[in-house]
Amino acid sequence: MNPIYLFFHKTGSPPWFYNFSGKLIPWLWAGFFLLTGYGLYLGLLVAPADYQQGESVRIMYVHVPAAWMSMMIYGLMAIWGFIALVWRIRIMEVLIISSAPIGAAFTIIALVTGSLWGRPTWGTYWVWDARLTSELVLLFLYFGVIALYNSYDEPRKAARAASLMSIVGAVNLPIIHFSVVWWNTLHQGSSIGTSGSSIHPSMLWPLLYMAIAFKLYYGANLLSRARVRLLKQDHRKRWVKDLLSKETS
Amino acid sequence: MSRQAAGTAFTALLRRDFLLAYRRRAELLQPLVFLLVVVTLFPLGVGPSPGLLANIAPGVIWIAALLATVLSLDSLFRSDFEDGTLEQMVLSGQSLALIALARTVAHWLVAGLPIVLLSPLLAMWMNLPDEGLLILIESLAIGTPVLSLIGAIGGALTVSLKRGGQLLSLLVFPLYVPLLILATSAVSSAVAGLPYTGQIGLMIAGLIASMTLAPFATAAALKLSLS
Amino acid sequence: MSHTPFILASYLISAAVLLWAALSPVINKRGLLKQLKLRQARMEKTQ
């Protein structure tokens with residue numbers, strides 16, 4: 001049997017997923033810390049300050065990867081949501097709802113760091129520029145999905161509702177983003193971010209390392225949240241009871 | 001399912017919704033009164049300076065329209081859900097998307113269309129210049145159906161929840177952002193003498209897209225809420 | 001104005017948010033396991 005197919009088939013079993021992810025998580029954390037350390041070393045100490053913005057451009061190394069993650073996670077939630085709705089795969093439902101708070105956390109980081117970046121660079125803590133405004137709307141989309149999930153009593157029904165909402169939100173997300181970009185050009189000329197589309201390599205590498213590091217963080221955090229949720233949902237089942245007795249012995 | 005059966009089902013649903021709406025007319029007036037009150041609050045809050053009001057008129061009127069629509073959306077499916085009619089509709093074998101569309105059309109006719117008809121009054125209160133009035137009406141005529149279509153998805157997702165109304169607004173407002181931006185820009189451009197056909201065109205495209213896609217999402221949400 | 005407090009604040013707040021997000025499942029798991037063990041002990045006692 002095709003090994004890849006077999007792998008995905010196995011992940012559908014909660015105890016197998018629990019054990020496998022338990023082994024994977026430490027590696028993900030290790031990778032995160034290594035890459036973050038190196039990326040921050042490059043970004044904070046080695047890379048030069050920006051010609052126009054000065055030292056504050058160093059905030060980019062955490063702002064931009066966080067913004068990228070906030071969008072990637074929502075996209076994943078929508079794709080997994082579609083799979084979960086069509087094929088009713090329970091582990092996908094668990095992954096979707098475990099991803100939402102992480103996505104919201106990255107969105108908050110992007111908003112706060114964006115705001116702090118704006119103050120020394122443009123003189124104001126908040127500016128309704130296209131990217132910050134889109135991020136704020138994205139945060140509300142995350143809150144909506146989380147609130148919708150928490151309003152339902154039955155977990156599988158809640159996950160299906162959250163999946164549907166994620167899909168609807170994701171379909172609207174590009175439309176929202178473009179409309180906000182367009183709205184921004186109508187009312188203001190300012191733009192946040194790097195000075196131009198081509199970034200100097202000394203700035204690009206720390207950015208990429210941080211981006212990968214954040215992906216590893218997401219993986220580790222997602223799997224640990226998913227494991228807890230599986231334990232909670234399956235607490236009556238045999239595999240959890242066996243696990244508990246193994247832990248007490 | 002024959003075309004004829006689907007068509008008669010659609011009209012039957014519409015007729016039923018109108019009859020129910022007529023019996024609850026006092027309840028339906030509430031969101032509209034809310035609309036009037038909200039718009040009235042703005043001059044009271046920011047001062048009656050004509051220039052200022054004219055400046056913010058498109059946004060204020062459209063935001064008030066959004067708020068009023070969200071108020072009326074909560075009861076879209078609720079009474080049918082509570083007395084079991086919705087379940088019967090799902091079991092009837094008719095296309096659930098068609099049922100959702102019928103309900104949405106009825107909603108727009110009793111909740112969205114009145115907003116369009118009231119807009120000249122709101123434009124007068126907010127001191128909107130005459131050049132903007134026609135476009136305001138046009139933008140509302142195209143936009144309020146979209147509000148009903150997208151709002152129906154939210155209404156269907158929250159119908160089985162105890163306090164779904166508040167959650168409904170949180171879910172649906174981010175989705176309304178593009179419409180708000182386009183509509184207010186169209187009206188402001190018309191007032192300034194600038195071209196606005198692009199915005200209107202995009203809004204029509206949005207209307208067609210939501211008319212074709214939203215009923216299916218609403219149907220899926222209804223099936224979910226009933227399961 | 002010096003940019004350092006803003007850079008520092010950005011990284012500290014980001015670290016704090018990421019730390020909290022990483023710790024909350026760990027705390028939840030500990031509480032959950034404790035709760036489940038208590039329940040299991042109670043059930044074994046009644047049997």
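Start with chains B and C, which do not touch: their nearest C-alpha atoms are 23 Å apart. The model on screen is predicted. Now bring in chain A. Two pairs of chains are in contact, and chains A and C share the most contacts of the two.

**Stop 1: where chain A meets chain C**

Select both sides of this contact. Chain C gives 21 residues and chain A gives 28 residues. Colour the chain C side by class: 14 of its residues are nonpolar, five are polar and two are charged.

**Stop 2: where chain A meets chain B**

Hide chain C and show chain B with chain A. Here 22 residues come from chain A and 19 residues from chain B. On the chain A side, select helix 5 (130-151) and helix 6 (155-187), each of which supplies at least two of the residues that touch chain B. Which helix gives the largest share of that side? Helix 6 of chain A does, with 13 residues. Coloured by class, the chain A side shows 16 nonpolar, four polar and two charged residues.

**Stop 3: chain A by itself**

Show chain A alone. Eight helices and zero strands make up its list of elements, and from the N terminus on the order reads α-α-α-α-α-α-α-α. Turn the C-alpha trace along its principal axes and chain A spans about 60 × 40 × 35 Å.

Next select helix 3 of chain A, residues 60-87. This helix has 28 residues, and its first and last C-alpha atoms are 40 Å apart, close to the 40 Å expected at 1.5 Å a residue. Just after the helix, pick R88(A), where phi is positive, near 50 degrees.

Keep helix 3 of chain A and add helix 5 of chain A. Their axes come within 11 Å and cross at roughly 40 degrees. The two helices are therefore oblique to each other, and their crossing is left-handed. To see the contact, show A67(A), S70(A) and Y74(A) on helix 3 of chain A, which meet E135(A), L138(A) and L141(A) on helix 5 of chain A. By class this contact has four nonpolar residues, one polar and one charged.

While the side chains on helix 3 are shown, look at their spacing along the helix. An α-helix has 3.6 residues a turn, so residues three or four places apart point the same way.

**Stop 4: the bent helix of chain B**

Move to chain B and select helix 3, residues 50-73. Where does the kink lie in helix 3 of chain B? Centre on A57(B): a kink of about 55 degrees lies there, shortly before the proline P58(B). For the length of the helix, take the distance between its end C-alpha atoms, which is 33 Å; at 1.5 Å a residue its 24 residues should span 34 Å, so the two agree.

Now add helix 8 of chain B, residues 164-192. The axes of helix 3 and helix 8 of chain B come within 10 Å and cross at roughly 150 degrees. That angle makes the pair roughly antiparallel. The crossing of these two helices is right-handed. On helix 3 of chain B, the contact is made by P58(B), G59(B), W62(B), L66(B), V70(B) and L73(B). On helix 8 of chain B, select the residues facing them, including L168(B), V172(B), Y176(B), L180(B) and V187(B). This contact has 11 nonpolar, four polar and no charged residues.

**Stop 5: helices 6 and 7 of chain B**

For the last view, select residues 96-125 and 130-158 of chain B, which are helix 6 and helix 7. Are the two helices roughly parallel or roughly antiparallel? Their axes come within 8 Å and cross at roughly 150 degrees, which makes helix 6 of chain B roughly antiparallel to helix 7 of chain B. The crossing of this pair is right-handed. Among the residues that helix 6 of chain B brings to the contact are R103(B), H107(B), W108(B), G112(B) and P120(B). From helix 7 of chain B come residues including L133(B), I137(B), T144(B), P145(B) and A152(B). Coloured by class, the contact has 15 nonpolar, six polar and one charged residues.

Technical notes:
Residues numbered from 1 in each chain as written. Chains lettered and ligands numbered in written order. Predicted model: local features only at pLDDT ≥ 70, side-chain atom pairs only at ≥ 80, totals over all residues. Axes fitted to C-alpha atoms, helices over the stretch in contact; angles between N-to-C directions. Helix = DSSP H or I, 4+ residues; strand = E, 2+ residues; numbered from the N terminus. Parallel < 35°, antiparallel > 145°, perpendicular 65-115°, else oblique. Left-handed = near helix turned anticlockwise from the far one by under 90°. Contact = placed C-beta atoms within 7 Å. Nonpolar A, V, L, I, M, F, W, Y, C, P; charged D, E, K, R; others polar. Expected span 1.5 Å × (residues − 1). Bend = angle between axes of the 7 residues up to and from the residue.
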